[in-house]
Amino acid sequence: TQSTGPSYIAPTSCQLLVRLVEGRDLIKADIKSSDPYCEIIFNEVFIKSSKCSNTVNPKWNEEYSLKSSNPPSYLIIVCKDYDTLGQDDPLGCGVLPLFDLIEGVEKDWYFKLQGVKKGFLRIGLTAINFGYPRSIYSAYSPLTLQLGYYPNIPHRGPIPQWYYVKHGVLK
């Protein structure tokens, strides 16, 4: 018989450490630049980052500890341009799957923002009391883990569009 790999831990209460690092090459929502900030949604938890003024390459270097009563599936990040008058302009969004996190090991994500022509965010995620057991970390090389490829661990494929709509990322 072939091993199916380690089992996923899904507790009744979840804690996720989020390290919002930086943005790169964001779109200019104002005449010369943007005033970007991020909204982070983890199940029923909503966090708003600080605003970086007049830049398309913001550096936040902020950390958040998010707790949820429900097992997680995805982390939603919406990047916006702060406007004094009127509604804030969207700078893109991302939905990051959490099912392949290893408990206690930070996964460093650098991803292209969706819904816009350009722009990237860098974020670090650490599952505190959910995810695959830490023992998997010693079974695979750090490069393999950083790339997000874990042999014998089922992947759920791309995030379906209905999930974006359900959580207000797309209309």
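**Entry 1: β1 and β4**

I began with strand β1, residues 14-24, and found that it pairs with β4 in the antiparallel sense over eight bridges; I note here that the model is predicted. To fix the register I looked up Val-18, and its bridge partner in β4 is Tyr-64.

I then sorted the residues of β4, which spans 59-68, by face: the covered one holds Trp-60, Glu-62, Tyr-64, Leu-66 and Ser-68, while Lys-59, Asn-61, Glu-63, Ser-65 and Lys-67 belong to the uncovered one. I recall that side chains in a regular strand alternate between the two faces of the sheet. Tyr-64, the bridge partner of Val-18, is thus listed on the covered face of β4.

**Entry 2: the sheet around them**

Next I asked myself in what order the strands of this open sheet lie. The order is β4-β1-β8-β7, four strands with antiparallel pairing. I marked β4 and β7, the latter covering 107-112, as the edges, because each has a single partner strand and one side of each is therefore left without a neighbour in the sheet. From one strand to the next, the twist averages 20°.

At the β7 end I looked up the pairing with β8, and the two strands run antiparallel, joined by six bridges. Within this pairing I noted that Lys-112 stands opposite Phe-120 in β8.

**Entry 3: Thr-126**

I stayed with β8, residues 120-127, in order to look at Thr-126, which has its place in this strand. Is Thr-126 buried or exposed? Its relative accessibility is 11%, and since buried means under 20%, I count Thr-126 as buried.

I also listed what Thr-126 touches, leaving aside residues up to four places away in sequence: Gln-15, Leu-16 and Leu-17 are on the list, and so are Gly-104, Val-105 and Glu-106. I checked the first three against the strand limits, and they fall in the range 14-24 given for β1, which stands beside β8 in the sheet order.

**Entry 4: the whole protein**

Last, I stepped back to the protein as a whole, which has three helices and eight strands. Read along the sequence, the pattern is β-β-β-β-β-β-β-β-α-α-α, with the strands ahead of the helices.

Of the 171 residues, 44% are buried. I wrote down an exposed area of about 9,300 Å², of which carbon and sulfur atoms supply 54%. As for contacts with a separation of 6 or more, 65% of them are between residues 24 or more positions apart.

Technical notes. Residues numbered from 1 in each chain as written. Predicted model: local features only at pLDDT ≥ 70, side-chain atom pairs only at ≥ 80, totals over all residues. Heavy atoms only, no water. Buried < 20%, exposed > 50% of the residue type's maximum accessible area, 1.4 Å probe, protein only. Pairing = 2+ DSSP bridges. Contact = heavy atoms within 4.5 Å. Areas by Shrake-Rupley, 256 points an atom, 1.4 Å probe, with all protein chains shown as cover. Axes fitted to C-alpha atoms, helices over the stretch in contact; angles between N-to-C directions.
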